[in-house]
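Q: Please take a close look at one loop of this model and describe its setting. Then add what can be said about the residues beyond that loop.

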Amino acid sequence: MIPRGGPYRGRPDTPTIDRIQTLDDFERCVMSFQDAVKICLQKYADFRGRARRSEYWFFVLFTAIVSIVGGIIDTILGFRGSAYNTTGPIQGILQLALLLPGLAVGARRLHDTGKSGWWLLIGLVPIVGWIVLLVFFLQDSHPANEHGPNPKAPAEGYGPGYQQAPPRPY
């Protein structure tokens, strides 16, 4: 168990994930599910900047949960003939509404790994493209690059809660 308090308590230079010494440090370095969803929906169509792994994967989880709930509602209301053969109108509308923020957070995640957002297009190649994207999405954050400061390193600009917006690359 990580003890509360410690050498970093109350200091403005929040430690990076590799220098965690207390529970407070850990809580400041990890993005919560609610924060990730909130940030992704606030940056609905913002393809600039960077997104941490936790932000991306929590939004993928949120999208899956919303899709399942939409499918259940469609089945209950009788909009689908069977549970697995079609997408009902409610599920389709929800998936369509989350498509743009999903693409945006994917592009920002690729920016965080030092890649262009255009690499999302490789996902159109069956199996091989999906594997390549999965490897990219699983990579750790890179240091500051042309897309902004490292979101894991508050000393470079901003931290887990994105209290301070990163500079926009123009």
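A: G49 sits in the loop that links α2 (33–42) to α3. The model is predicted, and what follows is computed from it. In this model G49 counts as buried because its relative accessibility is 7%, under the 20% limit for that class. Leaving out residues up to four places away in sequence, G49 touches R108, H111 and H147. The C-alpha atoms of G49 and A104 are 9.8 Å apart, with the two positions 55 residues apart along the chain.

A second buried position is S141, located in the segment after α5 (128–138). Its relative accessible area is 15%, so S141 also falls under the 20% limit for buried residues. The side chain of S141 makes a polar contact of 2.5 Å with the side chain of D112. D112 is also among the contacts of S141 outside its neighbours within four places in sequence, together with R50, R109, N150 and K152.

The helix that follows the loop of G49 is α3, which spans residues 53–76 and contains I73. I73 is classed as partly exposed because its relative accessible area is 35%, a value between the limits of 20% and 50%. I73 belongs to a nonpolar surface patch of about 850 Å². The other residues of this patch are L61, I65, I68, V69, I72, I76, L77 and F79.

To put these positions side by side: G49 is buried, S141 is buried, and I73 is partly exposed.

Definitions and conventions:
Residues numbered from 1 in each chain as written. Predicted model: local features only at pLDDT ≥ 70, side-chain atom pairs only at ≥ 80, totals over all residues. Heavy atoms only, no water. Patch = residues over 30% accessible without salt bridge, like charges linked within 9 Å, V, L, I, M, F, W, Y side chains within 5 Å. Areas by Shrake-Rupley, 256 points an atom, 1.4 Å probe, with all protein chains shown as cover. Salt bridge = Lys/Arg side-chain N within 4 Å of Asp/Glu carboxyl O. Helix = DSSP H or I, 4+ residues; strand = E, 2+ residues; numbered from the N terminus. Buried < 20%, exposed > 50% of the residue type's maximum accessible area, 1.4 Å probe, protein only. Contact = heavy atoms within 4.5 Å. Polar contact = N/O pair within 3.5 Å; in protein donor to acceptor, adjacent residues only side chain to side chain.
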